[in-house]
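Subject: Structure handover and notes

Dear colleague,

Please find the structure below, followed by an account of what was found in it. I have grouped the notes by region so that you can read them beside the coordinates.

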Protein chains: 4
Amino acid sequence: MDSFYNKRKIFNDPIYGFVSLPYEIIFDLIEHPFFQRLRRIKQLGLTNLVYPGALHTRFHHAMGAMHLMGQAIEEIRSKGHDITEGEAKAVTIAILLHDIGHGPFSHALEHSIVNNVTHEDISQLFMNRLNDEFKGELTLAIKIFQNKYHKKFLHQLVSSQLDMDRLDYLKRDSFFTGVSEGVISSDRIIKMLNVANDQLAVEAKGIYSIEKFLIARRLMYWQVYLHKTVLSAENLLVNILKRAKELAQKKVDLFCTPALKIFLYKQYSKKDFKNDPKLLDAFAILDDYDIMTSIKVWTTHTDPVLSMLCTQLVNRRLLKVEMQNLPFKEAKILQIKNEVKKRYKVNDKDVNYFVFAGTVANDAYRGDKIGINILFKDGSTADVAKASDQLNIDVLAKTVKKHYLCYPK
Amino acid sequence: MDSFYNKRKIFNDPIYGFVSLPYEIIFDLIEHPFFQRLRRIKQLGLTNLVYPGALHTRFHHAMGAMHLMGQAIEEIRSKGHDITEGEAKAVTIAILLHDIGHGPFSHALEHSIVNNVTHEDISQLFMNRLNDEFKGELTLAIKIFQNKYHKKFLHQLVSSQLDMDRLDYLKRDSFFTGVSEGVISSDRIIKMLNVANDQLAVEAKGIYSIEKFLIARRLMYWQVYLHKTVLSAENLLVNILKRAKELAQKKVDLFCTPALKIFLYKQYSKKDFKNDPKLLDAFAILDDYDIMTSIKVWTTHTDPVLSMLCTQLVNRRLLKVEMQNLPFKEAKILQIKNEVKKRYKVNDKDVNYFVFAGTVANDAYRGDKIGINILFKDGSTADVAKASDQLNIDVLAKTVKKHYLCYPK
Amino acid sequence: MDSFYNKRKIFNDPIYGFVSLPYEIIFDLIEHPFFQRLRRIKQLGLTNLVYPGALHTRFHHAMGAMHLMGQAIEEIRSKGHDITEGEAKAVTIAILLHDIGHGPFSHALEHSIVNNVTHEDISQLFMNRLNDEFKGELTLAIKIFQNKYHKKFLHQLVSSQLDMDRLDYLKRDSFFTGVSEGVISSDRIIKMLNVANDQLAVEAKGIYSIEKFLIARRLMYWQVYLHKTVLSAENLLVNILKRAKELAQKKVDLFCTPALKIFLYKQYSKKDFKNDPKLLDAFAILDDYDIMTSIKVWTTHTDPVLSMLCTQLVNRRLLKVEMQNLPFKEAKILQIKNEVKKRYKVNDKDVNYFVFAGTVANDAYRGDKIGINILFKDGSTADVAKASDQLNIDVLAKTVKKHYLCYPK
Amino acid sequence: MDSFYNKRKIFNDPIYGFVSLPYEIIFDLIEHPFFQRLRRIKQLGLTNLVYPGALHTRFHHAMGAMHLMGQAIEEIRSKGHDITEGEAKAVTIAILLHDIGHGPFSHALEHSIVNNVTHEDISQLFMNRLNDEFKGELTLAIKIFQNKYHKKFLHQLVSSQLDMDRLDYLKRDSFFTGVSEGVISSDRIIKMLNVANDQLAVEAKGIYSIEKFLIARRLMYWQVYLHKTVLSAENLLVNILKRAKELAQKKVDLFCTPALKIFLYKQYSKKDFKNDPKLLDAFAILDDYDIMTSIKVWTTHTDPVLSMLCTQLVNRRLLKVEMQNLPFKEAKILQIKNEVKKRYKVNDKDVNYFVFAGTVANDAYRGDKIGINILFKDGSTADVAKASDQLNIDVLAKTVKKHYLCYPK
């Protein structure tokens, strides 16, 4: 981002065109190695094995969400609601850093190696550390992030069912995957934002855009986030890391980057992270490169389970996936396991690395959580699910659960 | 690419939408580990440090060029020129594999580690190997690729100043960088393709599209390919790899992935590659992950030059770059070097890793090479540079050379 | 369309880019004055008073639908279903001419002046006349249009709930209005088309695109086709034409273009059109220009009702519209009428030109008609409304009815 | 524009998305019948006969240019240059009204019927009249429009070689024609605007965007504005109106709308317009509908020349056009005239309605006029044509002249 590093501080986003950095501290935070590492962490993990364009990073997403925040602040101010310069800066910092705690392939990592500490915990640790380094300049941002600030709508811009995070990632993920059904008009939605009773609200005339946003979200779930081949790849990654951890616990020697070694050969708790600041530094150098490089080397490891799993991932020989509304019959699973045990010469325990079932669910809209408020011309508000008899939000609010079964082709 | 692996074989391209695979062998070649590795090699190397979206891979580009080839074949056939099924399949294979020999950060690698063997050499080796594996099915494709086939226009679709390679990469690079000045209308250009005297030609009414294509190409050179911050980053990478090689030759111990170790600690010639097929297999597992992972680890190496260079790249603390039309004065360079020697405590030789000058040049159109033919309604043809007095192709045909100087901020 | 009139026959569509004419007869039909008149008939009537870009014509829509038909034919053939050259040409002619019978502001005209003959009747008359002129070359096209051909899917491509007409107009109308919620991916839908049991079907993996298509259609209804200001404008036009007809029947002199005079001063039946071929010729010279020009002149007519109505339309002083789910109370309507009678000095009858109520309804999907078939991998088919428990088609299939009330501000 | 008429005043532009009206007076001006009439005047006259989508109006263009003005004001202010609210409002009014004096098919009309008064004269008359009606609120806008205000850059935003007029029309014309070569990045250009010495300037880093803008402009000239079929149609229209005027002067009876009659049967000077305010009111009701409707009726006029010309236009049977760099030989023209005289049975004078030669010229950039200033980082400025040795502006600055010859096929 050269253009970035001169006075004007502009960068090029294929989605929004020219994007400006609004504050000096935003520039400084982006320059920080904690933030630069997000350049090496893909937003959608292994999704590029299905959609080859989906290589965009958490770095790019954070910048995009920051850009939308600027538009939202301007829009809300133009409607007569006060947002001070300090609040504007704080809410912009909050959205920039909202995902800072993500590690490489977060979801997989949290289900295998770093399984006692969530990325939310680590985000908090990073923010506190940065607040120290920046001499308290992030205090209000953190307060807003934690929803401890009295103007609730500021937190809702960062985290709610219609936050700048979701607006950017839906748009960005559909742009880079090429799944045009997921494209949303963030411009139009932001133009309809308003505030009522300190809560974020959408003006009634924007109701169709909201409905379209929720539908796009649901489509993205089934076509991208829960795409069955993506599920298959992510489960494969989880299994690789579980197997590696299992071997590491048996003191088996494994090629490892130094950063990965720390977390593979030992188990740390949230408390450990708090007590030993070096753990956070170690985490801060872990990224997609450590994981994929180690897996590439493990393709020739002497453990046949590990090498087989790694070869499947590297050469993209993924497991077959079936998906259905009802659970799979135990008998069917057992039969497949028996076949695979023979074919792969694996025991009763290890066969579970190759044959396994699970469930996924999507929630396009959660009626039970703080919802999306619709603001009518008369000043009254209502939850979008109840705002109109023409809409299908209630249908969208139903959680859809599916069962899947993975096994070798 | 799940959708890929079923019967219909479609994949999603954010640029072209749905793309179909035209032949069974194309599917099989894509599945081959030699081709799958291109998923892990970025098309534009370190350009994402300036344009964060530029993470697209050689895999994706090869698929895109293949898609355009299908359109070009259809268009040329529709104008009454014969292309047999065998030729169509061969020219499609040729474009799919045209870049198969690229290693990670090709340009940097060829100027540091693998410096006796070009990516063109390796492409040829990969193609021959694949031809063996596919029992001669690639013979015609290789013939066309090497321009040994009598229908010259087929080779020109793969490699010329208006080939499907260029059409796709200009479009793709401008799409993912967000540099909209580089966007070209590949559809329009392909609709204007024709064949005259066995040479590829563009119909006269397409002359403005060609002019726009050449101008877009020139803009992409200066705004992306030769962007000064990109230059700075690439030179930094070359210097890192040179330093590592220097240390390796002194038997200094360096963390390395196995694949990188092979090429870092020994030097191989084109002949070596031919004599020992295992070298190609070793090359085939080298990708961006090996390079970046090793560099990340080297940030803490005991060699201060290496660790300093690597930290600069990983944390994106790039050298300052000046660019001008005239060479930099020796005196100025010397003065900077003296300052840096003191600041960094490096000797006369090592200062060159931090302070260095160079030149770059772009050629939007090479009048001295086989040009772009314009086909007039009367059947006559002319080189585009001479086809019209309204055009500025002659200006575009002038090589522009620039001098740059890099040094620490 | 210069490019059109030379051998290559290409024209520029801002939506699809270059579009080629597939057959010589398509070119000849487009050149015919009956078809050229569609250049002077806007697709969306007065919608441009709300969406200033919505000036596109029935000519342009017919060409676009023809283009999509070419893609659909290619796709269906590629899946192994036979479509002969004769059938392809016929179905292309059928879609090109499907709307040829539309007059200017069709909907308004059919509710005022030409109220005994539908545009479908006139389409049929035009097609028969053209078939005579083209010596029977349209016979198969007409058969398909009338659903009398045994391959039912051909008719369904021209007229069904997923025909090329709808695909083009939804896309075109959202493009020119700028209502991006209505944008559909015609490419993606066409890629999913198939044929099962001689019926048009959509492959199961395209189910999300279909859902999105139906939702887009619904959004376009409420945001464009039934937009309350558009309704107000269209009702105003109906009232103008009714008033003019009323005056004409009283032999009051009105400025008129010759073409309009014919239909304003006399009433013709379907039978009259069949008996007197000159009536069709007269209709063929009637277009938007006749209507708007006459209305502009009538702004200074001595009849105060007519001149007031015309001034409202020309200067865009439209009636206020209220819209609600329940019918308006009679008392409220009466009260408004009383006020307007005084203000405008009009009698009990004429007040109805200024104050009136009505209803509108949209059907995104008609479950009671021949539906959209989903084709599963196992070869079975099902109606889209029943194809998946995840979808909301049943909600979309519910007709939504609304009541509106128009009166002066 | 319903959304327009409520408090928020937003309208939908297919190019820019949601566009807001910045001031109450802008809304009031748009509502004025003088401005509403621009809804009925196409921006590109008969160009839709070649590019069917080119039906956009002067109304839509004026709104678009107003939108860009808002962006430019914001950008220039953000760079520390003062623009008061009064100046901002005035410059926005100036751009909104810059084309208000255009009549229908302006170019053709000025070469036939209304040939002593330019559209610039009439714009001035309309502005003065509106200023009276709005009680002097337009005084500063008129001053800026006439370049009599001391901050010269404000006038340059309205009228210069890089004004908001050009930015919008290039973008709009390429959007609606579908000639994608003409698409420009108005966003990027506006982001680079600045002011130096009270002159509008472009920052040096935007130089490639400017070059691309000039090239797009040149392409639009040759592919759209001077497209030979468009030329043929426009000359046909001029000839129709000239013939009608000729007949009118001989007191021949011609069907006419009242508005057209005034200007067809009498000749008015600039002075007449000033002396008789009713002339401006008459002009204000003249639009595309008057012209095309009259022409449609004239297809059956008893004058064979007039009826032949009108039929050619209505049924799109345009003259053939040849275009070349050198003048056509007199002998060739004579020979064609002789043939046509026989074929059409017309005399020596009337043949000139069917056979005629002319010239056209484009100027992408006028080096002799006030140019586009480039502002360098050191604060110095230079004309874009001299700003860089890499650019081809000097080539673009050369006027290209071409000769054309029209005659019946």
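To begin with strand pairing in chain D, D:V195 stands opposite D:L200 in β4(D). Please bear in mind throughout that this is a predicted model. The two strands concerned, β3 (residues 193-196) and β4 (residues 199-203) of chain D, run antiparallel and are joined by four bridges. Two residues lie between the strands of this hairpin, and within it D:N197 takes a positive phi near 55 degrees. β4(D) also pairs with strand β7 (residues 373-375) of chain D, this time in the parallel sense and over three bridges; there, D:V202 has D:I374 in β7(D) as its bridge partner.

Also in chain D, helix α3 (residues 58-78) has 21 residues, which at 1.5 Å a residue should span 30 Å, and the end C-alpha atoms are 30 Å apart, in agreement with that expectation. Because 16 of the 21 residues of α3(D) are buried, the helix is largely enclosed by the rest of the structure. After α3(D) comes D:G80, whose phi is positive, near 90 degrees.

Chain C holds an open sheet of three strands, in the order β5-β9-β6, with antiparallel pairing. β5 (320-324) and β6 (356-362) of chain C stand at the edges, and each has a single partner strand, so one side of each is left without a neighbour in the sheet. From one strand to the next, the twist averages 25 degrees. β5(C) and strand β9 (residues 400-407) of chain C run antiparallel and are joined by five bridges, and C:Q324 stands opposite C:H403 in β9(C).

Turning to how the chains meet, 38 residues of chain C are in contact with 37 residues of chain D. On the chain C side, β1 (10-13), α3 (33-36), α4 (58-78), α10 (164-177), α13 (228-249) and α17 (288-298) each supply at least two residues, and α17(C) gives the most, with six residues. By class, the residues of chain C that touch chain D divide into 18 nonpolar, 14 polar and six charged.

How are chains C and D related to each other in space? A rotation of 180 degrees, with 0.0 Å of shift along its axis, superposes chain C on chain D with an RMSD of 0.0 Å, which is the relation of a two-fold axis. In chain C, the C-alpha nearest that axis belongs to C:Y289, at 2.7 Å from it. The same surface serves both copies, in that 97% of the contact residues of chain C recur in chain D.

For the other pair, 38 residues of chain B are in contact with 38 residues of chain A. The elements of chain B that give two or more residues to the side that touches chain A are β1 (10-13), α2 (33-36), α3 (58-78), α9 (164-177), α12 (228-249) and α16 (288-298), with α16(B) giving the most, namely six residues. That side of chain B has 18 nonpolar, 14 polar and six charged residues. A turn of 180 degrees and a shift of 0.0 Å along the axis lay chain B on chain A with an RMSD of 0.0 Å, and in chain B the C-alpha nearest the axis is that of B:Y289, 2.7 Å from it. Since 100% of the interface residues of chain B are also interface residues in chain A, the copies meet through the same surface.

Finally, two backbone conformations may deserve your attention. Most residues other than glycine have a negative phi. A:K135, however, has a positive phi of about 55 degrees although it is not a glycine, and its place is in the loop between α6 (119-133) and α7 (139-145) of chain A. Is A:K135 buried or exposed? With 8 C-beta neighbours inside 10 Å, where 12 or fewer is the criterion, A:K135 counts as exposed. B:F105, which lies in the loop between α4 (85-96) and α5 (106-110) of chain B, likewise has a positive phi, near 45 degrees, in a residue other than glycine. B:F105 has 24 other C-beta atoms within 10 Å, and because the threshold for burial is 20 or more, B:F105 is buried.

With best regards

Conventions: Residues are numbered from 1 along each chain as its sequence is written. Chains are lettered from A and ligands numbered from 1 in the order in which they are written. This is a predicted model: local features need pLDDT of at least 70, side-chain atom pairs count only at pLDDT 80 or more; totals for chains, interfaces and linings use all residues. Two residues are in contact if their C-beta atoms, placed from the backbone, lie within 7 Å. Ala, Val, Leu, Ile, Met, Phe, Trp, Tyr, Cys and Pro count as nonpolar, Asp, Glu, Lys and Arg as charged, and the others, Gly among them, as polar. Copies are superposed by least squares on the C-alpha atoms of residues with pLDDT of at least 70 in both. Two strands pair if DSSP finds at least two bridges between them. The expected span of a helix is 1.5 Å times one less than its number of residues. Axes are lines fitted to C-alpha atoms, for helices over the stretch in contact, and angles run from 0 to 180 degrees between N-to-C directions.
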